[in-house]
Amino acid sequence: MRIVATALLLAALILAFLAMGGAPSTAAAECSWQRHSQRIVKHVRRHGRLRKVVRRKTRWTCDPVAAPLPGPDPSPLPVPT
């Protein structure tokens, strides 16, 4: 019974997510991906002694690329006579 209830809840959440538009509308070509890394230190006990385990936690964010500004209109060329 619990499995069925969990499956129904999960299906409802997925449908709600897709109804709201799914993933963000920013396409990968419109992004400048920035990497952010954070130093994570955990103290663990190994062989009866405390050791520091250092790892990097990485996450990526999308900075939208600004659209290029339109340049000035080209001046009309003189008509050859």
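**Exercise 1.** Find which residue a disulfide joins to Cys31.

*Solution.* Start with the rule: a disulfide is a pair of cysteine sulfur atoms within 2.5 Å. Cys31 and Cys62 fit, with S to S at 1.9 Å. By this rule, the count comes to one disulfide. Next, look at where the two ends sit: Cys31 is in strand 1 (residues 31-46) and Cys62 in strand 2 (residues 49-64), 31 residues apart. Strands here are DSSP runs of E, at least two residues, and helices are runs of H or I, at least four, numbered from the N terminus. Finally, check the twist: -85° about the S-S bond makes the link of Cys31 and Cys62 left-handed.

A word on the model: it is predicted, so local features need pLDDT of at least 70 and side-chain atom pairs pLDDT 80 or more, while totals for chains, interfaces and linings use all residues. Residues are numbered from 1 along each chain as its sequence is written, and side-chain values use heavy atoms, leaving out hydrogens and water.

**Exercise 2.** Work out whether Cys31 is buried or exposed, then do the same for Cys62.

*Solution.* Buried means under 20% relative accessible area, exposed over 50%, and partly exposed in between (1.4 Å probe, protein chains only). Cys31 has 12%, so it's buried. Cys62 has 25%, so it's partly exposed.

**Exercise 3.** Decide whether helix 1 is largely in the open, and place Ile14.

*Solution.* Count the buried residues first: of 18 in helix 1, the number is zero, so the helix lies largely in the open. Ile14 belongs to this helix (residues 2-19). At 44% relative accessibility, Ile14 counts as partly exposed.
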